[in-house]
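Biologist: I would love to go through this structure with you and ask how each label is earned. Could you show it to me?

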Amino acid sequence: MADLRTTCFGLDLKNPVIAGASRLTANMETLKGLEASGVGAVVIASLFEEQIRLGHDRLEDLLMGFDSREQPEISIFPGMAYAGPEEHLEWVSKAKRSLEIPVVASLNAVTAETWAEWARKLAQTGVDALELNFYATPVDPDKKGSDIEDEHVNAVVRVCKVVTVPVAVKLSPFYANPLHVMKRMAEAGACGFVLFNRFFQPDIDAETEKPRFVFDLSEAEENRLPLRFTALASGRVKGDLVASTAVLTAADIAKMILAGAKAVQMVTAFYRHGLDYAGTVLSDFSSWMDRHGHRTIEDFRGRLDKRHAEDPHAWERAQYVRILMRSDASVGRYPLL
Ligand SMILES: Cc1cc2nc3c(=O)[nH]c(=O)nc-3n(C[C@H](O)[C@H](O)[C@H](O)COP(=O)(O)O)c2cc1C
């Protein structure tokens, strides 16, 4: 029988499935349901800089106004409650006390001061690790990419100086070189990376000629980006790798670990299939390991990363050129002539 245990961010996990931050991890009932279903750890929904700056009432007004405009898409959020920052800390501490599995707190701040101050406060709740959630879209054409990177690395430096718990970083894929950013953050003290954050993209309704906020869950193909960067970073950048975005099936978990991940985060899968899905996917994953003769996760982790892949170009540009030059494949109705 396969041994599903893994270590990640300095924590011992009974299996590699982590419930990622979402509204499902902002509610005690759903958190308990995820634990009962067998997940290895949970990441509590992020504390956002807006919660800290605006305070409870103003944030509630802002978001309720938004919700009433966007009701159909947003109804996926269970028992939405917009806590102020102090309430959030209490809630995280309660979640930690109520669960047996490791609990990770998440912070999404903007200024270096807020990152450091609230990381320290979150760490004091007794959580097992922190996840820094870098989620921001650059909107200023005068701001250089290197300045944005410096700011993000500086935030990690500041946080790692004030907390003793392990600090992981959930990264955006939109850096010129995510591997270099990871290297710098690891040097600053980050113990690992969640690849990647998923940005919700606004849309335009062509009929009403108005912008609309589309709240959609991940689709299967989206896991190729985290898969590729996990394989590129594995063994070449210090720190544990956790693959996230469209990890939906046991085969997806297997792929991510073959690429070098120590664990995966899942969110969409639980929204689609319910909290019990962890039990199903873990049992399928265990059967996959048995079928493939893998006794432990380390038996096959990283076997297909960039260092070990039989085809060293598999994760690089050559593969892209090869696909485009092939004449035997087709897209839709047309062969790739
Ligand atoms: C309703 C909802 C709320 C989310 N809230 C957070 C959050 O508070 N912090 C965070 O880092 N990510 C948040 N996410 C993003 C998820 O953690 C995850 O990165 C994303 O959904 C991609 O993973 P998936 O394909 O398994 O869904 C949220 C996602 C959803 C669907």
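**Reading the labels**

Modeller: Happily! This is a predicted model. In it, the axes of helix α9 (residues 250-258) and helix α11 (residues 277-291) come within 8 Å and cross at roughly 55 degrees.

Biologist: Why are α9 and α11 called oblique to each other?

Modeller: The angle between the axes of α9 and α11 is roughly 55 degrees. Angles under 35 degrees would count as roughly parallel, and 65 to 115 as roughly perpendicular. The value fits neither range, and therefore α9 and α11 are oblique to each other. Their crossing is right-handed.

Biologist: What makes the contact between α9 and α11?

Modeller: On the α9 side there are Ala250, Ile253 and Ala254, and α11 brings Val281, Asp284, Phe285 and Trp288. By class, these residues divide into six nonpolar, no polar and one charged. Asp counts as charged, so Asp284 of α11 is the charged one.

Biologist: And the ligand: which residues come nearest, and what classes make up the shell around the ligand?

Modeller: There are 21 residues around the ligand, and Ala21, Ser46, Ser218, Val267 and Thr268 come nearest. The shell has eight nonpolar, ten polar and three charged residues.

Biologist: How many helices and strands are in the protein chain, and what percentage of its residues is buried?

Modeller: The protein chain has twelve helices and 15 strands. Of its 337 residues, 42% are buried, where buried takes 20 or more other C-beta atoms within 10 Å of a residue's own.

Definitions and conventions: Residues numbered from 1 in each chain as written. Predicted model: local features only at pLDDT ≥ 70, side-chain atom pairs only at ≥ 80, totals over all residues. Near = placed C-beta within 6 Å. Axes fitted to C-alpha atoms, helices over the stretch in contact; angles between N-to-C directions. Helix = DSSP H or I, 4+ residues; strand = E, 2+ residues; numbered from the N terminus. Parallel < 35°, antiparallel > 145°, perpendicular 65-115°, else oblique. Left-handed = near helix turned anticlockwise from the far one by under 90°. Contact = placed C-beta atoms within 7 Å. Buried ≥ 20, exposed ≤ 12 C-beta atoms within 10 Å, placed from the backbone.
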